[in-house]
Amino acid sequence: MRPAAAASDEYAEVSALLAERARTRAAGPPPLPLRVGYRNLLLGPVDRAGRSTATAELTVAVTGYDELPVVHPRRLTLLRTATGRRIEREEGAGGPPPLWDLGTVGAAAGARCLVLGVDGADAAGPAGRAAAAVVGDRAVSAVEALWGTAWAGRLLLELPATGEQFARLLADDRPGWSDLAAVTVSAPGAPLHAPADRVLVNPEVYARLSDFGRQVVVTHEAVHVATRADTRAWTPLWLSEGVADWTGYCDSGRSARQIAPELARDVAAGRLPAALPSDAALTAGGEGLAQAYEQSWLACDLIARRYGPERLVALYRAVGAAAPGADREAWLDGLLRGQLGLGLAAFTRLWLAEVRALAG
C-alpha cells in the first residue's frame, strides 16, 4: 500500500466517497446520534480491470456515551468506471467488527442507558431493546449507590442477534466465554482506561435468564464499567468479579445458599476450597467456574457485612492505586492489613469459615 498525497485527484476522490459513506452511516436510528468518519486512508495501485484496494480506519462514536471514537480497521475494494470511482466492497481488516456489519441495528434509549441491537432475535429486537434499557437504567442507579458518581454514569449495551455474532464481537476464543450472559469489553481502538466501555450481551444465554437474573448480570457488568479507572492488570480477579457480583445481588433478599448454590453443593459433598480463587480459576471456563465466581462473591460479601460497603469500595480503590512488587501475596497482605486490620491469612480463615457455613 502507498500513502497518496492529500492534493492528488485520486486521494481527493476516494476521500469524498468515504465522507459520503460516513454521512450515510451516521443517519442511523433516531435515538442513536452517531459521529462517523474515516481516517488514515492508504491507496493501492490500480490493476488493468480498474480495481484497487485501500485501507482506512472507520471511526464511530455514540454521542453522549463515547468520549473517544471506536476504531475499526477497514479494507476497501475500489472500482474505476467511466464516471469515476465507486466503493465495490468494504470489510473488516482486523479486530471485532462494528455492530452494523452484522445486520440492521436498532436502538432503545433509557434515561441512563442506550441499547443497540441487531434485528433477528427477540432479545435484540425492539421489545428486547426497550426491556434491556430499563434493566440498564436500574443497573446505573444501583452502581452509583455504592460506587458514587465519579464515573460516566451511563451504560451502553450491545445486543447481537445470535451467539455466533456475540463470539465475533467478543473476538476471544477462551473456553467458557460462550456460556456467559454478558461481558464488558473495551471499545476497539480506545486507549487504556478510556471511558468507552460497552457491555456485550450474549442473546442466547441472556434470553434464558429470569428478570432477576438479567438485572444481576447487567448490574455486574455496569460495575466493571464504573470501576475501570480503579481496575488494573494486578487487581485480583476474585476482588473485581466479587465486587461486581456483590453489587448485583445487593439488597436482593437472597440468602448465601441461594446466591452460591454450586459452592453450597460442593461444601455439602465435602469439597472445600483451600484458598481464595486464583485468576486462572476465573478465566479457565468449564467446570468450577461458577464456584469460583460464588467464592469471589462470598469474599466480598464478608468484607461488606463485617466492615461495611464503604470499606469494600476503599479496598478496591487501594488495590488499584498501589502496584505490587515481586511478591504479590505480600503486597495483598499489606493492603488487607491497612484497609481491614488483618492480613491475607487471617482473612482467608474468616472466608473459609463462611464457606463451611454454606453446609447449613
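**Exercise 1. Work out how strands S1 and S2 pair, and then build up the strand order of the whole sheet.**

Start with S1 and S2: in this predicted model, they run antiparallel and share 8 bridges. For a register check, take Leu 34, whose bridge partner in S2 is Val 62.

Next, move on to S3. Strand S2 (residues 51-62) pairs with strand S3 (residues 70-81), again in the antiparallel sense, this time over 10 bridges. Here Arg 51 has Leu 79 in S3 as its bridge partner.

Now add strand S4 (residues 84-92), which pairs antiparallel with S3 over 8 bridges. Arg 74 sits opposite Gly 92 in S4, and the link from S3 to S4 is a hairpin of 2 residues.

Put the pairs together and you get an open sheet of 4 strands, ordered S1-S2-S3-S4, with antiparallel pairing. Strand S1 (34-43) and S4 each have a single partner strand, so they are the edges, and one side of each lacks a neighbour in the sheet. From one strand to the next, the twist averages 35 degrees.

**Exercise 2. Find which strands helix H1 touches, and how its direction relates to that of S1.**

Helix H1 (residues 9-26) packs on the sheet and touches S1, S2, S3 and S4. Compare directions and you'll find that H1 makes about 155 degrees with S1.

**Exercise 3. Decide how the buried residues of helix H3 are arranged around its axis, and what covers them.**

First, list the buried residues of H3 (residues 163-170): Gly 163, Gln 165, Phe 166, Leu 169 and Leu 170. Then look down the axis: these buried residues fall within an arc of 155 degrees, so they line one face of H3.

Now for the cover. It includes strands S6 (113-118), S7 (155-159), S8 (182-185) and S9 (198-201), along with helix H4 (203-206). Just after H3 comes Ala 171, with a positive phi near 50 degrees.

**Exercise 4. Describe the largest nonpolar core and the surroundings of Trp 238.**

Begin with the count: the largest nonpolar core has 69 residues. Inside it, the residues with the most contacts are Leu 155, Leu 157, Trp 238, Leu 239 and Phe 347. Helix H9 (residues 289-307) supplies the largest share of this core, 10 residues.

Zoom in on Trp 238. Leaving out residues up to four places away in sequence, Trp 238 touches Leu 276, Pro 277, Leu 282, Ser 296, Ala 299, Cys 300, Leu 332 and Phe 347.

Finally, don't miss the second, separate core: it has 35 residues, among them Tyr 38, Ala 56, Leu 102 and Val 183.

How values were computed. Residues numbered from 1 in each chain as written. Predicted model: local features only at pLDDT ≥ 70, side-chain atom pairs only at ≥ 80, totals over all residues. Heavy atoms only, no water. Pairing = 2+ DSSP bridges. Axes fitted to C-alpha atoms, helices over the stretch in contact; angles between N-to-C directions. Contact = heavy atoms within 4.5 Å. Buried < 20%, exposed > 50% of the residue type's maximum accessible area, 1.4 Å probe, protein only. Arc of directions from axis to C-beta. Core = buried A, V, L, I, M, F, W, Y, C linked by side-chain atoms within 4.5 Å.
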